[in-house]
Amino acid sequence: MEFQKKLHEFQQYIDAEEKIEPKDWMPDDYRLHNIRQISQHAHSEVIGMQPEGNWITRAPTLRAKKILLAKIQDEGGHGLYLYSAAETLGISRDEMIEQLHAGKAKYSSVFNYPTLNWADIGAIGWLVDGAAVTNQLSLRRTSFGPYSRAMLRICNEESFHQRQGYEIMLKMVKGTPDQHEMAQDALNRWWWPALMMFGPHDNQSSRTTKGMLWKIKRASNDELRQRFIDKTAPQAEFLGLKIPDPKLCWNEASGHYDTAEINWEEFNKVINGDGPCNRERMEHHKNVHAEGAWVREAAAAYATRKEV
Amino acid sequence: MLQSNSSHGSVWEVFTQKKSGQPYQHVGSLHAFDKEMALDHARDLYTRRDKPSGLWVVPASEIIAVSPGDGAPFFDPSDDKVYRHPTFYEIPEGVTNL
Ligand SMILES: [Fe+2]
Ligand SMILES: [Fe+2]
Ligand SMILES: [Fe+2]
C-alpha cells in the first residue's frame with residue numbers, strides 16, 4: 001500500500017510540527033480542505049469590505065475617514081494574500097470567483113448584516129475584527145506554509161483594526177445620551193453575529209476532526225469562541241455597555257464566562273443565503289466584477305503588444 | 001527566454017528556507033546552464049553548513065526589481081500614514097487584550 005505508507009509519513013511530518021509546502025506530496029483531501037478554507041477566508045476579507053465601505057463617504061471627520069479607508073484597503077490586501085496562498089494549491093483565481101458567484105464557496109455570515117449608523121463601524125472593528133483576529137492568531141500555526149505565512153502578515157496588520165473600532169466605541173459612550181444609546185444598540189446587533197463567526201459547535205462540525213488531525217485548524221470552534229468571549233466581556237464592561245446575553249456571567253470554577261445558547265436557526269438561515277444582506281452583497285460583487293471586465297481585457301491585450 | 005549570457009551559462013538567484021514554515025530568503029546567485037544544474041550548484045554553494053528545509057532557484061532575468069534609488073516616489077504612499085499603526089490609538093489603562 002504505497003498510498004497508506006505515504007499518508008502515514010505525511011501525518012508523522014505534521015505531528016512533528018513541520019509545515020507543508022506547495023510542491024510537497026499531500027493527500028487530495030488535505031489539498032481540498034485547504035483550498036476550501038483559504039478561499040472562503042479570502043472571500044470573507046473581500047466581501048467584508050462592503051459593510052464598512054458603506055460609511056466611507058459619511059465618516060464624521062477627515063481623520064475617521066482616512067482611518068476607515070486604510071482599514072478597508074488592508075482587508076482587500078488580506079483577500080489578495082489569501083487568494084495567492086490558495087493558488088499555490090492549483091486552483092485559479094477565476095475558479096475561486098466562479099465558486100463564490102455560484103454560491104458554492106461561502107464567506108463569513110457576519111458580513112450579511114447591515115451597517116445602519118456610525119456606531120456600527122466601531123462595533124465591527126471591535127467585535128468582528130476582534131473575533132477574526134482570535135481565529136487568525138491561532139491559524140498562524142496552521143500546517144500549510146503559505147497559509148501560515150499569510151496569517152502572520154495579516155495578524156500584524158490587524159493590530160490597528162480592533163483598536164480603531166474600540167476607539168470609536170469609547171468616543172460614542174462618552175458622547176451625548178443618544179450616542180451612548182447608539183453604541184449600545186450596535187453592540188446589541190453585532191454581538192451574536194460575531195459569536196457565530198466561529199462556526200457551529202464542535203460536536204456539530206464534521207470538518208473539525210480532519211482539520212485538527214492535519215493541524216490545518218489549531219483550536220476548535222468552541223475553544224476560540226470562548227477565548228473571544230473571555231477577553232471581550234471585560235472590554236464591554238469598561239465601556240459601560242451591556243452584552244445582550246442575560247445569562248452571561250463569570251464562572252469562578254471554570255475560569256470562563258458562561259453564556260446563553262446561540263440562535264442556530266438564524267445562523268443556518270444567514271449562512272445559507274437568507275440573511276438581511278446576502279443578495280445585496282453578492283449582487284454588488286458580481287456587478288463590480290463584470291464592470292471591471294474591460295480592464296482585465298485591455299490589460300491582457302496591451303501585454304500581448306509589448307515586451308513584458 | 002533563458003539565453004546563456006556567457007560561456008558560464010546564465011545567472012540564477014538562490015533562495016533558501018532555513019526552517020520549515022519560514023519565508024524563503026535570498027542568499028545569493030550563481031551561474032548554470034539549466035535548472036537541474038542550478039539546483040545542484042545552489043546546494044553545493046549555499047547549503048554547505050546547515051541543511052535548509054527548502055531551496056528555490058529563479059532565473060535572474062525573470063526578476064523585476066525596483067529600489068528607492070530609482071528616483072520616482074514609488075514607496076512614498078506608505079510614509080505618512082501613522083494611523084496604520086496600533087500605537088496611534090490611545091487605549092485607556094485597564095483595558096486589556098486589544
Ligand atoms: Fe477581516
Ligand atoms: Fe483582515
Ligand atoms: Fe481587519
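**View 1. E261(A) in its loop, with W192(A) and H201(A) alongside.** In this predicted model, E261(A) sits in the loop that runs between β2 (256–258) and α11 (264–274) of chain A. Leaving aside residues up to four places away in sequence, E261(A) touches W192(A) and H201(A). W192(A) is 69 residues from E261(A) along the chain, yet the two C-alpha atoms are separated by 9.9 Å. Is E261(A) buried or exposed? With a relative accessibility of 51%, E261(A) counts as exposed, since the label needs over 50%.

**View 2. The iron ion (ligand 3) and its donors.** Which residues hold this ion? The iron ion (ligand 3) is coordinated by E75(A) (OE), D129(A) (OD), E158(A) (OE), E158(A) (OE) again and H161(A) (ND1), at 2.0 to 2.3 Å. Note that E158(A) appears twice in that list. If you're scanning the sequence for the donor residues of this ion, look for the spacing E-x53-D-x28-E-x2-H. E75(A) comes from helix α4 (residues 62–87) of chain A and D129(A) from helix α6 (residues 118–139) of chain A, so this pair ties together parts 54 residues apart in sequence. Both E75(A) and D129(A) are buried. The iron ion (ligand 1) is 3.6 Å from the iron ion (ligand 3).

**View 3. The iron ion (ligand 2), with an irregular site.** Here the donors are E45(A) (OE), E75(A) (OE), H78(A) (ND1) and E158(A) (OE), at 2.1 to 2.4 Å from the iron ion (ligand 2). E75(A) and E158(A) may look familiar from the previous view, as they are also donors to the iron ion (ligand 3). Why is the site of the iron ion (ligand 2) called irregular? Its 4 donor atoms make angles of 80 to 165°, and a tetrahedral label would need all angles between 85 and 135 degrees, so that one is ruled out. In sequence, the donor residues are spaced E-x29-E-x2-H-x79-E. The iron ion (ligand 2) and the iron ion (ligand 1) are separated by 2.9 Å. Distant parts of the chain are linked here: E45(A) belongs to helix α2 (residues 28–47) of chain A, and E75(A), 30 residues apart from it, to helix α4 of chain A. As for accessibility, E45(A) is buried at a relative accessible area of 8%, and E75(A) counts as buried at 5%.

**View 4. α2(A) packed against α4(A).** Zoom out from the iron ion (ligand 2) and you get to the helices that carry donors E45(A) and E75(A). The axes of α2(A) and α4(A) lie 8 Å apart, and the helices pack at an angle of about 160°. That makes the two helices roughly antiparallel, because the cut-off for that label is over 145 degrees. The crossing of α2(A) past α4(A) is left-handed. From α2(A), the contact is made by I38(A), H41(A), A42(A), H43(A), E45(A) and V46(A). On the α4(A) side it is E75(A), H78(A), G79(A), L82(A), Y83(A), A85(A) and A86(A). So the contact list includes E45(A), E75(A) and H78(A), each a donor to the iron ion (ligand 2).

**View 5. α7(A) beside α10(A).** How do these helices run, parallel or antiparallel? The axes of helix α7 (residues 145–173) of chain A and α10(A) come within 10 Å and cross at roughly 30°. The pair is therefore roughly parallel, as angles under 35 degrees get that label. α7(A) brings Q162(A), Y166(A), M169(A), L170(A) and V173(A) to the contact, and α10(A) brings Q235(A), F238(A) and L239(A).

**View 6. Loop residues E17(A) and K215(A), each with a positive phi.** Most residues other than glycine have a negative phi. E17(A) has a phi near 65° and is placed in the loop between α1 (2–15) and α2 of chain A. For K215(A), phi is near 55°, and its loop is the one between α9 (206–213) and α10 (221–239) of chain A. Their exposure labels: E17(A) counts as partly exposed at 35% relative accessibility, while K215(A) is buried, with a relative accessible area of 18%.

**View 7. Chain B by itself.** Chain B has 1 helix and 3 strands, and from the N terminus on these run β-β-α-β. Of its 98 residues, 24% are buried. Among chain B contacts between residues at least 6 apart in sequence, 42% join residues at least 24 apart.

Note on methods
Residues numbered from 1 in each chain as written. Chains lettered and ligands numbered in written order. Predicted model: local features only at pLDDT ≥ 70, side-chain atom pairs only at ≥ 80, totals over all residues. Heavy atoms only, no water. Donors = N, O, S within 2.8 Å, 3.2 Å for Na, K, Ca; no water. Helix = DSSP H or I, 4+ residues; strand = E, 2+ residues; numbered from the N terminus. Buried < 20%, exposed > 50% of the residue type's maximum accessible area, 1.4 Å probe, protein only. Tetrahedral: all angles 85-135°; square planar, octahedral: opposite > 155°, others 65-115°. Axes fitted to C-alpha atoms, helices over the stretch in contact; angles between N-to-C directions. Parallel < 35°, antiparallel > 145°, perpendicular 65-115°, else oblique. Left-handed = near helix turned anticlockwise from the far one by under 90°. Contact = heavy atoms within 4.5 Å.
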